[in-house]
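Trainee: I would like a close look at one part of this model, a buried helix. Please put it in the context of its surroundings.

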Amino acid sequence: MSGTGKIKPGYARSLDLKHGCIEMAHGSGGRAMAQLINQLFLAAFDNEFLRPMNDQASFPVFNGRMVMSTDSHVITPLFFPGGDIGSLSVHGTINDVAMSGAKPCYLAASFILEEGFPLSDLKRIADSMAQAARAARVPIVTGDTKVVEKGSGDGVFITTTGIGMVPDGINISSENARPGDKILVSGTLGDHGICIMSLRENLSFHTSIKSDTAALHDLVADMVAAVPSIHVMRDPTRGGIATALNEIALQSSVGMMLHENQLPIHEQVNAACEFLGFDPLYIANEGKLVAICAAEDAENLLKTMRTHPLGEKAAIIGEVIEDSHCFVQMQTRFGGKRIVDWLSGEQLPRIC
Amino acid sequence: MLMCLAIPACIEQLTADNHAIVNLAGIRKEISLALVEDIVPGDYVIVHVGFALQKLDPIEAEHTLALFAELSAFNQNS
Amino acid sequence: MKYIDEFRDGALARKIAASIAAEVNSQHDYHFMEFCGGHTHAISRYGIVDLLPDNVHMIHGPGCPVCILPIGRVENAIQLAQTPQLILCSYGDMLRIPTASGMSLLKAKAQGADIRMIHSSADAIKIAQENPRHQVVFFAIGFETTTPPTAVAIKQAQALGLSNFSVFCNHVLTPSAISHILQSPEVRQLNLIRLDGFIGPAHVSTVIGSRPYEYFAEEFQKPVVIAGFEPLDVMQAILMLIRQLNQGRAEVENEFTRAVLPNGNIKAQMLVAEVFELRRTFEWRGLGLVPYSALKIKSAYADFDAEQRFPMPALSIADNKACECGAILRGVKKPQDCKIFGTVCTPENPIGSCMVSSEGACAAHYSYGRFRAEKHVTAKEH
């Protein structure tokens, strides 16, 4: 027939990245889905492993121990000062992998999209992920998208999975803390959580604090090179440093003594906590780590951390002690002692 | 008790409907001045549930701090 | 943070501690009640007990409005929240309080009730304006500090002609609770508790002033020192109480002069008097019925009274039998004296009222102080 000669195989009109929205068709496996993946995700993430567009990524591995981690990301609002759900989802999984001392190698990303979600926002998120992955030199090698009906999601949920290679001779684990060890953090605590809370409509306060979301693997590489015998590393995300330390204390069957006057906390984070009745030790971080090492290595480790831009404000904040109760305690600035307990339920703003 | 979570903050700017922006170490928040009188920018007020409860008296605050310092002098002498 | 950090200075704290140590009479024990949860919280959070001599004992009082609100009222709020087309606005503090059946506002919200956490009574007004087809009820709790903002909200609702806004009023009064404790048989006749003096409320006093406490100093011959909620304020107040006792005085002294005037905040008091009146009696969790200890909305503002607008049965729900909250709130027992403290009753699974709010005596001790060996004897062993 006369017209068919003009039809290009596989042709589809370009995605309307300005005004278009996610439709159920974008998850149905048809042409619309292929188009979304090609024009939005593949265009952003492009790398040699992803390009063949198989259902799986194929890549070389090396001898030695590998680690794997997965993390789902849900956040309101999706865009915030310092980052967005895209960069967060890359950093979060890289950090989880890196906390073993490993060098992160590859990422996978899975998206749950809500019908009606603007394509312009999705593109912004995909570009931000791509930029974060490139900056970290960790490619996104495979992925998946699903679409749920309007009302069944919150715009976009992103799950990322990462794998990494642990250098020989590194044995970092949450059960390795020993009495006498020193506890270090890489910088100011609570920035991410306070930034996000300030954007929630009903809390209504204004701050210039930005989310600290960042990939920590380069900092970790420097640390591991300087002190290969680091005992424990953890990124204190949800539940803050208090939760991370309580988990480690329990897993290592030890206690801890923190020194309040050593804790690096931005004064705006302290001030916001005063308003809301929060404790900065329980506020989330997305670009900080806590490390535990033998006392004799602590100064060396601290110096190494401080020479890296992401560890400029690193500090030794306490030490591991013997304690059959596994209490994390704190010497207060005021001169007394108190427990830094597990959080009971979600931290809710108080008025009393 | 409920009164506990109240914090002194500095009045930065008066806003419409008898409200004001307070500043606490860089954190800014709009509060109501419905319970206080004669507030001007630069005043410190005790803020509770979004309301200024009372103006803080800077001279009395100095006085209380001086009292603490006096105690320390007393200790050093004794 | 100006007017905050200076009052948390560790070096000054050690100096005040040295003065306290130098001035206490080692032959005596001193038993002081801090009425307010705010002071309880400061004492726990800063570890003030570590800076006090062994013969100075702090007894936690009932000054936590979350702890003393009877379960029946929480049950009322939950039932209200389950009304179709109704939005219940609550301060975050109340959301987790469990009822006898283990229900809470947070759980009701998970099951679909429209419960909004607010930070100011003004937020509730805004929600009412934005949802004209819904009834919006503000679950108002708190002592004299939190009452004036509720009064402002009711006046504002009237001015705006908001017909869908009402207040479930649970505001309570500090002086009547202190009276109740001082008149309790444990203190007056049985001598079960020794109370040598009170640390008076900080922010309540900014509203009511220092005068209302003069009655206690005179009638019961107990010194009262009104103190700010910063840890140096508390230390200083303890020193002032010790000096009064050593000198045989029983007066009202004001350590918190930077915010507390003798007559308090008259404007706030007048607003409260315009909108609220005394209840003849009100139940306090742990203390029972306390006469003239709470406020209700005046009939002139009945349109904004949720108790007039909605059916609210008077529910009297007894606390768990094993729970010692009543005795703890009256200062007769310490959290550690309760059999279920830290075992059945924890902040994750609170049984009694003192465990539910972070300002409750049990929660403060559990969260901040349970590492501490029992070096301080209980008050009744004097």
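The answer starts from that helix and then moves out to domains, chain contacts and a sheet.

Mentor: This is a predicted model, and the part to begin with is helix 7 of chain A, residues 267–276. Nine of its ten residues are buried, so helix 7 of chain A is largely enclosed by the rest of the structure. The buried residues run from A:Gln268, A:Val269 and A:Asn270 through A:Ala271, A:Ala272 and A:Cys273 to A:Glu274, A:Phe275 and A:Leu276. Their packing partners come from two chains: helix 4 (191–199) of chain A on the one hand, and strand 1 (6–15), strand 2 (19–24) and strand 3 (27–32) of chain B on the other. After helix 7 of chain A comes A:Gly277, which has a positive phi near 75°.

Next, the domains of chain A. The assignment divides the chain into domain 1 (24–166) and domain 2 (182–339). Taken over C-alpha atoms, the centres of these two domains of chain A are separated by 27 Å. Where they touch, domain 1 of chain A places 20 residues in contact with 21 residues of domain 2 of chain A. On the domain 1 side, helix 2 (85–98), strand 4 (103–114) and helix 3 (119–136) of chain A are the elements that give two or more residues. Helix 2 of chain A has the largest share there, with nine residues. By class, that side of domain 1 of chain A holds eleven nonpolar, seven polar and two charged residues.

Chain B, whose strands pack against helix 7 of chain A, also touches chain C. That contact takes 35 residues from chain B and 46 residues from chain C. Several elements of chain C each supply at least two residues to its side, among them helix 1 (10–23), helix 2 (37–45), strand 5 (135–142) and helix 12 (231–246). Helix 1 of chain C gives the most, with six residues. The residues on the chain C side divide into 24 nonpolar, 16 polar and six charged.

Chain C has its own division, into domain 1 (5–64 + 188–254), domain 2 (67–173 + 285–309) and domain 3 (325–370). The C-alpha centres of domain 1 and domain 2 of chain C are 33 Å apart. Six residues of domain 1 of chain C are in contact with eight residues of domain 2 of chain C. Helix 10 of chain C gives the most to the domain 1 side, with four residues. That side of domain 1 of chain C has five nonpolar residues, one polar residue and no charged residues.

Last, a sheet in chain C. Five strands form an open sheet in the order 2-1-7-8-9, with parallel pairing. Strand 2 (56–63) and strand 9 (252–254) of chain C stand at the edges with a single partner strand each, so one side of each has no neighbour in the sheet. Neighbouring strands of this sheet are turned against each other by 25° on average, direction ignored. At one end of the order, strand 1 (residues 30–36) of chain C pairs with strand 2 of chain C in the parallel sense over six bridges. Within that pairing, C:Glu34 has C:His60 of strand 2 of chain C as its bridge partner.

Terms used:
Residues numbered from 1 in each chain as written. Chains lettered and ligands numbered in written order. Predicted model: local features only at pLDDT ≥ 70, side-chain atom pairs only at ≥ 80, totals over all residues. Domains from an automatic or database assignment. Contact = placed C-beta atoms within 7 Å. Nonpolar A, V, L, I, M, F, W, Y, C, P; charged D, E, K, R; others polar. Pairing = 2+ DSSP bridges. Axes fitted to C-alpha atoms, helices over the stretch in contact; angles between N-to-C directions. Buried ≥ 20, exposed ≤ 12 C-beta atoms within 10 Å, placed from the backbone.
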